[in-house]
Amino acid sequence: SRGCRNMELKFTVHGEPKGKGRPRFNTKTGHAITPKDTVNYETLVHMEYLKQCENFRFPEDAMLDMRIKAFYSIPKSKSKKVKESMRKHIVRPTKKPDMDNVIKIIADALNQVAYRDDTQIVDCQCRKFYSEEPRVEVSIKQI
């Protein structure tokens, strides 16, 4: 595991950032149901990771640092001036999904893929910006 100590893996998930949806409950059975868009987005995160990071998996005991940059699309309805401020990252998103749910959906999607379990993440940062190209950029490194 020494070799990947300084290794930083980066990948991008294109499209609007999504947050982890709350489980809904089936009133007949009492079972929790994960919302379909959560499942779909987790699958997308999973696939992009495998494709861009070539199936790399951190060691079972690795302590990980995760950094997430979530880029939300610029609303069409805003004035030219506001859009420009958004482009320059002066105005940043204060809308959903919130950072906790962005972290959660990304971290969960990578369980058993990039690492054994997201409990291995000991340091995490999530930052929200606006962009013409909505996406989520993720970097993970072993510390």
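1. Starting with the sheet: this predicted model has an open sheet of 4 strands, ordered 1-6-4-5, and the pairing is mixed. Strand 1 (8-14) and strand 5 (121-131) sit at the edges, each pairing on one side only. On average, neighbouring strands are turned by 15° against each other, ignoring direction.

2. Inside that sheet, have a look at strand 4 (residues 64-73) and strand 6 (residues 135-142), which run antiparallel to each other and pair over 8 bridges. If you want a handle on the register, R67 is opposite S139 of strand 6. Helix 3 (residues 99-109) packs on the sheet and touches strand 4, strand 5 and strand 6. The direction of helix 3 makes about 120° with that of strand 4.

3. Now the core. In soluble globular proteins, nonpolar side chains tend to be buried together. Here the largest nonpolar core counts 32 residues, and Y49, M66, I106, L110, Y115 and I140 have the most contacts inside it. At least two core residues come from each of strand 1, helix 1 (36-52), strand 4, helix 3, strand 5 and strand 6.

4. M66 deserves its own entry. Leaving aside neighbours within four places in sequence, its contacts include I106, A107, L110 and Y115, as well as V138, S139 and I140. The list isn't purely nonpolar either: D123 and Q125 are among the residues M66 touches.

5. On to the aromatics: searching the whole structure turns up 3 aromatic pairs. One of them is F56 with F58, where the ring centres are 5.0 Å apart and the planes meet at 85°, so this counts as edge-to-face. F58 is buried, because its relative accessible area of 2% falls under the 20% cut-off.

6. The F71 and F129 pair is stacked, at 5.5 Å centre to centre with 25° between the planes. F71 belongs to strand 4 and F129 to strand 5, so the pair ties together parts 58 residues apart in sequence. Both F71 and F129 are buried. What sits over the ring of F71? That would be the charged end of R135, 3.8 Å from the ring centre.

7. Last, a loop residue. G30 is in the loop between strand 2 (24-25) and strand 3 (32-33). With a relative accessible area of 49%, G30 is partly exposed, because the exposed class needs over 50%. G30 and N111 are 81 residues apart in sequence, and their C-alpha atoms are 25 Å apart in space.

Methods
Residues are numbered from 1 along each chain as its sequence is written. This is a predicted model: local features need pLDDT of at least 70, side-chain atom pairs count only at pLDDT 80 or more; totals for chains, interfaces and linings use all residues. Side-chain values use heavy atoms; hydrogens and water are left out. Two strands pair if DSSP finds at least two bridges between them. Axes are lines fitted to C-alpha atoms, for helices over the stretch in contact, and angles run from 0 to 180 degrees between N-to-C directions. Contact means heavy atoms within 4.5 Å. Buried means under 20% relative accessible area, exposed over 50%, partly exposed in between (1.4 Å probe, protein chains only). A nonpolar core is a set of buried Ala, Val, Leu, Ile, Met, Phe, Trp, Tyr and Cys residues joined through side-chain atoms within 4.5 Å. Rings of Phe, Tyr and Trp (its six-membered ring) pair if their centres lie within 6.5 Å; planes under 30 degrees apart count as stacked, over 60 as edge-to-face and the rest as tilted. A charge sits over a ring if NZ of Lys or CZ of Arg is within 6 Å of the ring centre and within 35 degrees of the ring normal.
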